[in-house]
Every structure is written in structure tokens, then in C-alpha cells.
Amino acid sequence: MLKDRLKKARLNANLTQKQMANMLNTTQQSYAQWENGKRYPKPDSIKQLSEILNVTSDYLHGRDDGLEDVIEVLKEKTLNEEEKREIIALLIKYLDK
């Protein structure tokens, strides 16, 4: 799960593996192992990753119930007023849980 979300967030940020590795003071090969699931980043690296990629660590760990994915879909779509009201109602319901 982390490997898939890590790659998706990196691509959404328009960053290469090499750029990510440089920001994290690691090698591109080490970073690539995180994205292909061969190695797992340390907790402090997860924190750095979430800050660089502008996502939560919960998102990277798959503990966000898909809310980040919903937000990405909404960014790409033009909504009419009724759709906006429905989404707001669903978000309020989600947040009340």
C-alpha cells in the first residue's frame, strides 16, 4: 500500500525519484526500493516524505479511508451546485464519524 501511494504522490508532485532522493539525503536506488516495496522507510523518513509530497502520513500508510483520492478526483472535475451540495453533505457525514 505505501509503495503505491508513495509513487502516486510523487508523480502528482511532478518529482522524479532522483529529486526525492536528493531532498531526503539518500540515493535514488534506496528511494526506488521504497516505491517497489523492497524496503520500508524509517518513521522519520515517512514524516519527511509526507511534508515534501504535501500528504499526510496516514495517507501514505493507507489509513485515510480514501479521502485524499476523493479530493484528487474533485480537483479534476467541474461540479454543478447540486453535486457540490451532495459532496459537502457527504464530507460532513464523514467528518462526524
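Confidence in this chain is lowest in helix α6 (residues 67-75), with a mean of 68, and highest in α2, at 97. These are confidence scores because the model is predicted. Across the chain, the average pLDDT is 86. At least 70 is reached by 91% of the residues. Where pLDDT is low, the predicted coordinates should not be read in detail. Keep that in mind at helix α6, where the mean is 68.

Now take in the whole fold. The chain has 7 helices and 0 strands. Read from the N terminus, the elements run α-α-α-α-α-α-α. The C-alpha atoms fill a box of roughly 50 × 25 × 20 Å along the principal axes. The radius of gyration is 16 Å. A compact globule of 97 residues would have one near 13 Å. Of the 97 residues, 28% count as buried. The accessible surface comes to about 6900 Å². Carbon and sulfur atoms account for 51% of that surface.

Contacts tell how the chain folds back on itself. Take those between residues at least 6 apart in sequence. Of these, 53% join residues at least 24 apart.

Go next to helix α3, residues 28-35. Ser30, Tyr31, Ala32, Trp34 and Glu35 are buried there. What do the buried residues of α3 pack against? They pack against α1 (2-12), α2 (17-23) and α4 (43-53). After α3 comes Gly37. The phi of Gly37 is positive, near 80 degrees.

Stay with one residue of this helix, Glu35. Is Glu35 buried or exposed? Glu35 has a relative accessible area of 7%, so it counts as buried, the cut-off being under 20%. Its side chain has several polar partners. One is the side chain of Gln17, in a polar contact of 3.0 Å. Another is the side chain of Tyr31, joined to Glu35 by a polar contact of 2.8 Å. Now leave aside the neighbours of Glu35 within four places in sequence. Glu35 is then in contact with Lys3, Leu6, Lys7, Arg10 and Gln17.

Arg10 deserves a closer look. Which residue forms a salt bridge with Arg10? The partner is Glu35, with the closest N and O atoms 2.5 Å apart. This pair links distant parts of the chain. Arg10 sits in helix α1 and Glu35 in helix α3, 25 residues apart. Arg10 is buried because its relative accessible area is 7%, under the 20% cut-off. Glu35 counts as buried at 7% relative accessibility as well. Arg10 has further contacts once neighbours within four places in sequence are left aside. They are with Leu15, Thr16, Gln17, Met20, Tyr31, Glu35 and Leu53. Gln17 and Tyr31 thus appear in the contacts of Arg10, and each makes a polar contact with Glu35.

How many salt bridges does the structure hold? There are 3. The Arg10 and Glu35 pair is one of them. Another joins Glu51 and Lys47, with the closest N and O atoms 2.6 Å apart. Glu51 and Lys47 both lie in helix α4. They are 4 residues apart, about one turn of the helix. A further bridge brings together the side chains of Lys84 and Glu81, at 3.4 Å from N to O. Lys84 and Glu81 are 3 residues apart in helix α7, so about one helical turn separates them. The spacing has a general background. An α-helix has 3.6 residues a turn, so residues three or four places apart point the same way. Lys84 counts as partly exposed, because its relative accessibility is 36%, between the 20% and 50% cut-offs.

Finish in helix α7, residues 81-96, at Asp96. Is Asp96 buried or exposed? Asp96 has a relative accessible area of 63%, so it counts as exposed, the cut-off being over 50%. Compare its position with that of Leu24, 72 residues apart along the chain. The C-alpha atoms of Asp96 and Leu24 are separated by 36 Å.

Conventions: Residues numbered from 1 in each chain as written. Heavy atoms only, no water. Helix = DSSP H or I, 4+ residues; strand = E, 2+ residues; numbered from the N terminus. Buried < 20%, exposed > 50% of the residue type's maximum accessible area, 1.4 Å probe, protein only. Contact = heavy atoms within 4.5 Å. Polar contact = N/O pair within 3.5 Å; in protein donor to acceptor, adjacent residues only side chain to side chain. Salt bridge = Lys/Arg side-chain N within 4 Å of Asp/Glu carboxyl O. pLDDT = per-residue confidence, 0-100. Rg over C-alpha atoms; globule rule 2.2 N^0.38 Å. Areas by Shrake-Rupley, 256 points an atom, 1.4 Å probe, with all protein chains shown as cover.
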